[in-house]
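Here are my notes on the model you sent round. They are set out as numbered points, starting with the chain overall and ending with single residues.

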Amino acid sequence: MTTAAPTKTKYEAIIGLETHCQLNTNTKIFSSSSTEFGSPPNTNIDPICMGLPGVLPVLNEKVLEYAVKAGLALNCQIAPYSKFDRKQYFYPDLPKNYQISQYDLPIAEHGWLEIELVDADNNPVRKRIGITRLHMEEDAGKLVHGGSDRLSGSTYSLVDYNRAGVPLVEIVSEPDLRSGQEAAEYAQELRRILRYLDVSDGNMQEGSLRCDVNISVRPVGQKEFGTKVEIKNMNSFNAIQRAIEYEIERQIAAVESGERIVQETRLWEEGSQRTVSMRTKEGSSDYRYFPEPDLAPIEVSKEQLEKWRAELPELPAQKRHRYESELGLSAYDTRVLTDERSVSEYFEATVAAGASAKQAANWIMGDIAAYLNSNKLSIGEIALKPETLAELIQLIEGNTISGKIAKDILPELLTQGGSAKELVERKGLIQISDRSAIEAIVEQVIAANPKELEQYRNGKTKLLGFFVGQVLKQTGGRADPKLTNQLLAEKLNK
């Protein structure tokens with residue numbers, strides 16, 4: 001009698017993200033110092049952000065506006081009454097030894113955003129991720145460690161307080177994510193929304209967007225969560241995904257071997273592609289929160305709320321749905337076109353000027369995107385206007401020029417602008433679509449290449465491309481490609 005092999009335990013990950021987003025204000029959250037990135041160390045400071053005795057903070061009105069708009073875009077309930085709190089902790093980059101944040105009455109709660117992944121068949125797979133809360137707070141300064149990029153191993157540390165008092169919103173997700181891919185897409189969608197609103201530039205390299213991951217694993221079917229571990233120090237969406245995938249494997253291996261997982265904060269090491277322990281995790285009681293005595297509570301009136309709601313743009317998920325349902329674009333096309341608000345607006349202007357949606361999408365995602373990437377430009381920095389791109393597409397669809405001619409003149413339109421039609425006429429590039437004219441050239445090409453003709457008729461049919469190339473060469477690329485192929489097939493197969 002044989003004994004069945006024990007069933008291998010399957011695990012699932014429970015993942016939530018805490019995201020700090022720097023707001024696009026010119027001045028700090030409670031003072032008039034500049035928020036400009038890259039200034040010399042300790043030049044964008046003042047008595048308020050340094051916490052000197054006798055100073056009083058004043059809330060930057062733009063911070064409240066941006067926080068409320070972000071909350072609305074994330075489908076949150078906006079609190080009619082909220083307040084600031086002091087979060088006590090002691091670290092060299094925190095000049096006041098406390099941070100002004102929001103604790104029990106945040107500005108926004110109970111929202112969601114939609115992430116969209118694409119399956120193997122290019123079909124969209126959508127999922128709602130809950131948003132627990134969004135609250136306002138001030139940033140801390142920055143420590144620069146000498147001799148090492150971490151405190152451990154460094155020989156000295158320098159502090160730059162320029163970032164102290166820079167306005168942030170912290171956005172906390174529900175533990176609804178189940179994979180590194182989902183978490184990376186959530187972070188990207190969150191950044192898209194904030195950039196569409198123009199409340200944050202979302203630049204991870206400059207620290208404008210910083211994500212901390214909370215992750216635990218449990219056997220599939222178990223209701224209770226496992227022990228949560230926090231991961232910090234991820235500066236790209238790709239790093240978020242890889243850090244989560246590593247940590248899932250580490251925690252499963254620990255559970256399988258009987259090792260106890262402790263609640264801690266771990267760092268992602270890009271070089272070694274692993275997480276390493278940093279410190280055991282504090283609880284909220286360790287911060288000794290209490291209401292900020294120097295700031296009045298915040299009340300947002302219904303009138304003000306509706307005014308800000310009316311100023312929201314169409315958001316990425318709304319655009320994706322509309323492009324699929326109204327314009328017939330694929331899930332992949334809609335994702336690419338809506339990644340940047342400026343690109344989606346350029347696309348929509350091109351379609352409004354008379355271009356077909358699919359052709360406009362192909363040109364923007366293809367040749368134009370390649371030009372932007374190679375020259376490190378944004379779409380607003382090129383000379384080619386949406387109306388001109390629409391004109392170029394109409395010239396192709398009207399058989400005035402071939403696709404090849406369009407690609408040949410595109411670089412000039414991208415750098416110099418102007419009318420596509422006038423450029424085609426000036427350069428004498430109008431497509432030859434007269435059947436008899438092309439037929440005569442086809443016959444000349446066949447007569448001039450008897451060896452290739454014999455090889456073609458003996459079965460080497462790939463030589464059709466050679467004959468097409470010869471016709472296009474004689475006409476300077478102006479022969480109608482479709483008609484050329486048709487006539488050559490007729491003559492060669494006689």
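1. Overall dimensions. The chain has a radius of gyration of 30 Å, whereas a compact globule of 494 residues would have one near 23 Å. Please keep in mind that this is a predicted model. The C-alpha trace spans about 90 × 80 × 50 Å along its principal axes.

2. Burial and surface. Of the 494 residues in the chain, 46% are buried. The area exposed by the chain is about 24600 Å², and carbon and sulfur atoms supply 50% of that area.

3. Contacts along the sequence. Taking contacts between residues at least 6 apart in sequence, 70% join residues that are at least 24 apart.

4. Charges. The chain carries 59 positive and 71 negative charges. The mean positions of the two sets lie 4 Å apart.

5. Secondary structure. There are 15 helices and 16 strands in the chain. Two open sheets are taken up in the next points, one of nine strands and one of three.

6. The nine-stranded sheet. Its strand order is β2-β6-β7-β10-β1-β11-β12-β13-β14, with mixed pairing. Strands β2 (77–78) and β14 (274–280) each have a single partner strand, so they stand at the edges and one side of each is left without a neighbour in the sheet.

7. The β14 end of that sheet. Strand β13, residues 264–269, pairs with β14 in the antiparallel sense, and six bridges link them. Within this pairing, which residue of β14 stands opposite Arg 266? It is Ser 277.

8. The three-stranded sheet. This open sheet runs in the order β5-β4-β15 and its pairing is antiparallel. Its edge strands are β5 (98–101) and β15 (290–291), each of which pairs on one side only. Strand β4, residues 85–88, is joined to β5 by four bridges in the antiparallel sense. For Arg 86, the bridge partner in β5 is Ile 100.

9. Backbone angles to check. Most residues other than glycine have a negative phi. His 110 is not a glycine, yet its phi is positive, at about 55°. His 110 is found in strand β6, which covers residues 108–118. Asp 198, also not a glycine, has a positive phi of about 60°.

10. The setting of Asp 198. Where does Asp 198 lie? It is in the loop between helix α2 (180–197) and strand β11 (209–219). The relative accessible area of Asp 198 is 49%, so this residue counts as partly exposed; the cut-off for exposed is over 50%.

11. Pro 481 and its surroundings. Pro 481 is found in helix α15, which covers residues 481–492. Is Pro 481 buried or partly exposed? Its relative accessibility is 33%, so Pro 481 counts as partly exposed, since buried means under 20%. Leaving out residues up to four places away in sequence, Pro 481 touches Ser 402 and Gln 431. Asn 399 is 82 residues from Pro 481 in sequence, while their C-alpha atoms are 9.9 Å apart in space.

Methods
Residues numbered from 1 in each chain as written. Predicted model: local features only at pLDDT ≥ 70, side-chain atom pairs only at ≥ 80, totals over all residues. Heavy atoms only, no water. Pairing = 2+ DSSP bridges. Rg over C-alpha atoms; globule rule 2.2 N^0.38 Å. Buried < 20%, exposed > 50% of the residue type's maximum accessible area, 1.4 Å probe, protein only. Contact = heavy atoms within 4.5 Å. Areas by Shrake-Rupley, 256 points an atom, 1.4 Å probe, with all protein chains shown as cover. Lys, Arg positive; Asp, Glu negative; His and termini not counted. Charge placed at Lys NZ, Arg CZ, Asp CG, Glu CD.
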